[in-house]
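Me: Please take me through the reasoning behind the terms used for this structure. I should like each term set against its criterion.

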Amino acid sequence: MTAPLICPSILASDFAKLGAEVAALEAAGADWIHVDVMDGHFVPNLTIGPDVVKALRPHTTLPFDVHLMVAPVDPWLEAYRNAGADVLTVHPESGPHLHRTLGRIRQLGAKAGIVFNPGTPLNILEDVIDLVDLVLIMSVNPGFGGQSFIDSSLRKIAGARRLIDAAGSHAHLQVDGGVTSANAAACVAAGADALVAGSFVFKGGPDAYAANIAALKSA
Ligand code: DX5
Ligand code: ZN
């Protein structure tokens, strides 16, 4: 089995030192930088605007994987793409025309991701699988870092893997929320090839990032 991509969520970083944080993550072996964008409306928290993403862009060459927890999401796609996002991931609940939204993301030259909350059924995926480059399974309810992994997410990861493979898609299958070295192997066994982790990667401070990332990769 190939090692999963590790996508640290900068939600758990020191916001006073964001530029240094993303550079440290790159040096520590991260594959993508996961940026959690929250609007205080779609989810009960408020985080990172496009200007912050733009300011971070020169500090790393790693892809920016931008998870948009914003509704309506369409008005923000271009701003985050222009700010340097490589992947834009949207919730089906964040706009009335998911098919159009995913098409728009690709039209902007970004990779398109779709994200499923713990309570969102996977069947939507069949209708848009040809338009997605990444499927993200939330293993917590979105809004905050530091929550516990919901075990039934493993079934959902396996279900998403079946749908992706049945469609002959090469989309990445990513997991987000409460990921640690204790559940990373189960996520990969269920079919995930990319892991988002906030609290786990950042615990112990910059000196620990490399070991924490390695622990997830080798799990
Ligand atoms: C939750 C976010 C996650 C979260 C991950 O809404 O999408 O990316 O911050 O943080 P941990 O790994 O601490 O659960
Ligand atoms: Zn996220």
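**Terms and their grounds**

Reply: The model is a predicted one. Around ligand 1 there are 21 residues, of which Ser9, Pro142, Gly145, Gly198 and Ser199 come nearest.

Me: Which elements each supply at least two residues of the shell around ligand 1?
Reply: They are strand S2 (33-38), strand S8 (194-197) and helix H8 (199-202). By class, that shell holds eight nonpolar, eleven polar and two charged residues.

Me: What makes the protein chain as compact as a globular protein of that length?
Reply: The chain has nine helices and eight strands. Its radius of gyration is 16 Å, and the globule rule gives 17 Å for 219 residues; the two values are close, so the description holds.

Me: Why is Asp36 called buried?
Reply: The term requires 20 or more other C-beta atoms within 10 Å. Asp36 has 24 such neighbours, and therefore counts as buried. Asp36 is found in strand S2, and its contacts beyond four places in sequence include His67 and Met69.

Me: Is Asp176 buried or exposed, and why?
Reply: Asp176 has 25 other C-beta atoms within 10 Å; the cut-off is 20 or more, so Asp176 is buried. This residue lies in strand S7 (residues 172-176), and among its contacts beyond four places in sequence are His67, Leu136 and Val196.

Me: How do you know that the residues listed by UniProt for "active site" gather at one spot?
Reply: The unreviewed UniProt entry lists Asp36 and Asp176 under that heading. They span 141 residues in sequence, yet their C-alpha atoms are no more than 10.5 Å apart, so they gather at one spot.

Key:
Residues numbered from 1 in each chain as written. Chains lettered and ligands numbered in written order. Predicted model: local features only at pLDDT ≥ 70, side-chain atom pairs only at ≥ 80, totals over all residues. Near = placed C-beta within 6 Å. Helix = DSSP H or I, 4+ residues; strand = E, 2+ residues; numbered from the N terminus. Nonpolar A, V, L, I, M, F, W, Y, C, P; charged D, E, K, R; others polar. Rg over C-alpha atoms; globule rule 2.2 N^0.38 Å. UniProt positions renumbered as here; feature names shortened; annotations may be inferred. Buried ≥ 20, exposed ≤ 12 C-beta atoms within 10 Å, placed from the backbone. Contact = placed C-beta atoms within 7 Å.
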